[in-house]
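Hi everyone, thanks for coming. I'd like to walk you through a model today, beginning with one of its pockets. Have a look at it first.

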Amino acid sequence: MKRILTPKRNREAKGTTLNVSISIGHRMNKRIQARIDEMVKATERELVRLFNGEGYAISYAMDENIGAQARMLMSKLWRRFEKLFRELAYPVTKELIHLAEKDSAATLKASLSKIVDTMTLPVEAMTPQLQEVIAASSARNVALIKRVPAEYLGPIENAVYQSITTGRGLADLKPFLE
């Protein structure tokens, strides 16, 4: 085992606080927000088309009532956006963890260099506890990203069916979408 060398006079060595750059979170959030914006715009566009009697982007039978058309449209939107966020979740999370590890290593190096110029520390690359924390954080982030369509489309779907049952259609739905 290597000995930990401390600065002159055996004083306690203290580095600076290690914080992960907030810009990493902002970059990942930007990628996710772009997909959320895409989902919101597509949903609103398709619902307006449906309630204006234009149908929606996939073919439908003209004799079907608006409830059946709404059900088909919502199914299409659910499939599309669940797939999109499912495919987005793991790569974004993996990149977030990679960037956080890289940033942490750089921050640690900078902090240590402020203590002394040369110091030997016993460093284990990845402890089992740290691996567990990273695995749990990854699973949590993936689950949160995958849940985005349900958080948005669930209430929208309820509002669509409610607007059909009241008979007011888009008049009830527009304020909800806004």
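Let's start with the character of the second largest pocket: its lining residues divide into eight nonpolar, three polar and no charged. Here Ala, Val, Leu, Ile, Met, Phe, Trp, Tyr, Cys and Pro count as nonpolar, Asp, Glu, Lys and Arg as charged, and the others, Gly among them, as polar.

Before I go on, a word on the source: this is a predicted model, where local features need pLDDT of at least 70, side-chain atom pairs count only at pLDDT 80 or more, and totals for chains, interfaces and linings use all residues. Residues are numbered from 1 along each chain as its sequence is written, and side-chain values use heavy atoms, with hydrogens and water left out.

What is a pocket here? On a 1 Å grid over the protein atoms alone, it is an open set of points where a 1.4 Å probe fits, with protein on both sides within 12 Å along at least five of seven lines; lining residues have an atom within 4 Å of a point. Ours holds about 180 Å³ of space, a volume being the space filled by probe spheres set on the points, which are joined across faces, edges and corners.

Which helices supply at least two residues each of that lining? They are α1 (22-51), α2 (66-115) and α3 (128-146), and α1 gives the most, with four residues. Among the lining residues are Met28, Ile36, Thr93 and Asn141.

Stepping back, the chain has five helices and zero strands; helices are DSSP runs of H or I with at least four residues, strands E runs of at least two, numbered from the N terminus.

Now the largest nonpolar core, which has 31 residues. Such a core is a set of buried Ala, Val, Leu, Ile, Met, Phe, Trp, Tyr and Cys residues joined through side-chain atoms within 4.5 Å, where buried means under 20% relative accessible area with a 1.4 Å probe, protein chains only. α2 gives the most to this core, with twelve residues. Met74 is one of the residues with the most contacts inside the core. Not counting residues up to four places away in sequence, Met74 touches Leu47, Leu153, Ile156, Glu157, Val160 and Tyr161, a contact being heavy atoms within 4.5 Å.

Finally, confidence. pLDDT is the predictor's confidence in each residue, from 0 to 100, and its mean over the chain is 79. Over residues 56-60 pLDDT stays under 50. Where pLDDT is low, the predicted coordinates should not be read in detail.

Key: Buried < 20%, exposed > 50% of the residue type's maximum accessible area, 1.4 Å probe, protein only.
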